[in-house]
Amino acid sequence: MRIAVIGTGYVGLVSGACFSEFGTSVVCVDKDASKIERINRGEMPIYEPGLDDLVARNVKEGRLEFSTDLAASVKGVDAVFIAVGTPSRRGDGHADLSYVFAAAEEIAKALDGYAAIVTKSTVPVGTGRKVAEVVMKARPDLELGRDFDVVSNPEFLREGSAIEDFMRPDRVVVGTLDGATRGREVMRALYRPLALIEKPVLFTALETAEVIKYAANCFLATKITFINEMANLCEQVGADVQDVAKGIGLDNRIGNKFLHAGPGYGGSCFPKDCLALVKTARDAGAPIRIVESVIEVNEGRKVDMARRIVDALGGDAKGKRVGLLGLTFKPNTDDMRDSPSLAIVPALLEAGASIRAYDPEGMHEAQKLLSGIEYAADAYDALKDADVLVFCTEWNQFRSLDWTRVRQAMPGRIIVDLRNIYDPTRVAREGFTYHSIGRKA
Ligand code: UGA
């Protein structure tokens, strides 16, 4: 089998590398020549545990290559995966599909034999059919089902565990247009290694696969937002949200995952996908009001986290020094997109505080987005002269701080833990006033 993957962003690069690990010949294509050069030198454009080794091994063994030449790369392939970006369009929140359609047109012009054209990017319902139209317009000589098929194969990769998620997924979803027998066979063959470990591949209609992707992400965002609001209630009535999550999560119908209360979800997927689903649903005359509320509650929550920090400082942050640990939207990534810190930091600055921050992988990205704060060399350095220590992201290295060093670094004795990474009694024993989420202060 041979495939091309268009776009070496997060999804494209991880998927391309993992397919090559399955034994398929893969060429990953990107227009950005400097990016391709860097990857060829072994420098990954994103931080993802294990990715550099995976890429290096498969390149060395001749199954994985990188190119800027789309036309040459799609010659003779069984499938072309479109994994280009679909950012939220400025102004109306719809997913911007111009990169997807541009890629589809370029692929069509270069096709020299049958290929399945597969959308891996997260695209609104109906996009697959439009991709088919774009292809047929660019190449009226091509016949759907004979010369190409259009397939939707959404990804369910979590940043930080993307390789494991690809290699051992809960399921693979493949949507095709009626009669796309060859398209289905190509996809079945590509994912054959998963059949050996009994991972299900679910074949559906094209539109169904597109809906599954959004439904999954929006459901998870709803689950998180639900537990976050439960946390607010717990704080008011003296309950413990961690135990509430455990107590409901042990019910198999609910499940224990994605019930960790925090400062609100962020990242490149949940915020964007919730917005896009809400728009699609409104346009279709079937509004999904629960997701509309989720978006509103989550946005408000991020800003409200800054208020909690000010409250912990006695209601006035003017002249106060904040030591902030964690800037990325979650651990094991350098991704800052829609991170809660992007709402919290400006609100704290506005309230008159000064901030010294540290993140194990996100400093480079953060510096592009957050100005007016100091960046520290490590966690203890971030606490220098701090009145309050704030945990914003639950990196493992923050879970076992040396309390003697913390006390030496910061004169303040206040901790605001937005990720509940510490045991309240333990921190109190160390002499700190500890505020966390959904538990007694
Ligand atoms: C998410 C989905 O989990 C993937 O299945 C999906 O493929 C991906 O989006 C995508 O569409 O590409 P990701 O954005 O990498 O993956 O990160 P998650 O681990 O899902 O976390 C998202 C946000 O929710 C983070 O800000 C995280 O801190 C927050 N979260 C997650 C919580 O606040 N509580 C939880 O219990 C879980």
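A crossover is right-handed if, with the strands pointing away from the viewer, the path from the first strand over the helix to the second runs clockwise. That convention serves the first stop of this tour of a predicted model.

Select strand β5 (residues 115–119), helix α6 (residues 127–138) and strand β6 (residues 148–152): together they form a right-handed β-α-β unit. Within this unit, β5 and β6 pair in the parallel sense over five bridges, and I117 has V150 of β6 as its bridge partner.

Next, add strand β4 (residues 79–82), which runs parallel to β5 and is joined to it by four bridges. Here F81 stands opposite V118 of β5.

Now display the side chains of β5 alone. In a regular strand the side chains alternate between the two faces of the sheet. On one side of β5 are A115, I117 and T119, and on the other A116 and V118; all are buried, and both faces are covered.

Zoom out and colour the chain by domain: domain 1 spans 2–199 and domain 2 spans 239–441. Their C-alpha centres lie 34 Å apart. At the contact, 12 residues of domain 1 meet 14 residues of domain 2. The domain 1 side comprises five nonpolar, five polar and two charged residues.

Finally, select the ligand. Which residues are the closest to the ligand? They are E159, H260, Y265, G267 and C269, in a shell of 20 residues. By class, this shell has 10 nonpolar, six polar and four charged residues. Domain 1 and domain 2 each supply at least three residues, while helix α10 (residues 206–237) gives the most, with three residues.

Methods:
Residues numbered from 1 in each chain as written. Predicted model: local features only at pLDDT ≥ 70, side-chain atom pairs only at ≥ 80, totals over all residues. Domains from an automatic or database assignment. Contact = placed C-beta atoms within 7 Å. Nonpolar A, V, L, I, M, F, W, Y, C, P; charged D, E, K, R; others polar. Near = placed C-beta within 6 Å. Helix = DSSP H or I, 4+ residues; strand = E, 2+ residues; numbered from the N terminus. Buried ≥ 20, exposed ≤ 12 C-beta atoms within 10 Å, placed from the backbone. Pairing = 2+ DSSP bridges.
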